[in-house]
Amino acid sequence: MSRSATCDVCWRHCAIPEGGAGFCRARTCQDGCVVAENYGRLTSVAIDPVEKKPLAEWHPGARVLSVGSYGCNMRCPFCQNHEISQAGAGGVPWREVLPQELVDLALECAERDPSVIGIAHTYNEPLVGWEYVQDCSILARRAGLANVLVSNGCVSAHVVDNLAPLIDAANIDLKCFSADGYRELGGSFEDVHHTIEVLGTSKTCHLEVTTLVVPGVSDSEAAMREGAVWLSGVDENIVLHVTRFFPRWHMAGAQPTPVETVMRLADVAREYLPHVHVGNC
Ligand code: SF4
């Protein structure tokens, strides 16, 4: 009988056959167990200003060693990083950097440039390989480095609950404002709500939220109002980024979001939230 195992990292609960990969292409089944095959496999490494994550109200002017692997559990047709987020192990070049090596690299960067204060897990969806985020974050914290997470937040509660105490700052996407909208993008509205609630009420994590305003997906004034009201209930001082979409991947033929739409939606959000930033305008 051929073996398979069920992954509990996100709502998809993929039943992965032995030697096969889950929907995210990052997790596989080996010897009857689900493993993060992308563990330590970095496709992208760069030093970025925290403002690029984006984090607008956390250590302004600081920089972080930003790393990403491959894989994602969503399929947003407008993905800005589809070359790595939608790839598997064979689809994109990677090199192995184990947690201690990554922390040592960050410490070297910080020695050369004191504005580097930590490590950001970003670019693809970091939480489909959350064990790497966890292991790096434990070592980074011991070394006095900060831990930053940039994620779609659509993972099971146990993943976020385990990681939250290790994360110093996070930016979580709120891609749209309804369960139906999330279903179309391949995510879970319920799970992103849980993630935002856990990180937004954490005493040790600074949370910012980003909504990319995509025409026909997330450009409704009424929906933005509903989203802003909900966010203010989580934390009245939560920081929200309302950002402009530029055509990418399956939406390469679309028009960029009109600047006035982004500005109008940001104004709607400001009726309920005092810290709203616009981006890409
Ligand atoms: S994390 Fe990946 S393998 Fe696990 S359930 Fe989600 S999509 Fe499937």
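**Exercise 1. Work out how the radius of gyration of the protein chain fits the value for a compact globule.**

Start with the rule: 2.2 Å times the number of residues to the power 0.38, with the radius taken over C-alpha atoms. For 281 residues a compact globule would come out near 19 Å, and the protein chain has 18 Å, so the two agree. Next, look at the extents: the C-alpha trace spans about 55 × 50 × 35 Å along its principal axes.

A quick note on ground rules: this is a predicted model, where local features need pLDDT of at least 70 and side-chain atom pairs pLDDT 80 or more, while totals for chains, interfaces and linings use all residues. Residues are numbered from 1 along each chain as its sequence is written, and side-chain values use heavy atoms, leaving out hydrogens and water.

**Exercise 2. Find which residues surround the ligand, and where the ligand sits.**

First, list the shell, counting a residue if one of its heavy atoms lies within 4 Å: C7, V9, C10, R12, H13, C14, I16, G22, F23, C24, R27 and N73. Second, sort it by class: 7 nonpolar, 3 polar and 2 charged. (Ala, Val, Leu, Ile, Met, Phe, Trp, Tyr, Cys and Pro count as nonpolar, Asp, Glu, Lys and Arg as charged, the others, Gly among them, as polar.) Third, zoom in on H13: it belongs to the loop between β1 (4-6) and β2 (15-17), and its phi is near 45°, positive in a residue other than glycine. Finally, the ligand sits in the second largest cavity. Here a cavity is a set of points on a 1 Å grid over the protein atoms alone where a 1.4 Å probe fits but cannot get out, and "sits" asks for more than half of the ligand's atoms within 2 Å of its grid points.

**Exercise 3. Locate the cis peptide bond from K53 to P54.**

Check omega: it is near -5° for this bond. Then place P54: it falls in the loop between β6 (44-49) and β7 (63-68), strands being DSSP E runs of at least two residues and helices H or I runs of at least four, numbered from the N terminus.

Terms used: 1 Å grid on protein atoms, 1.4 Å probe; cavity = no way out; pocket = protein on both sides within 12 Å on 5 of 7 lines; lining within 4 Å.
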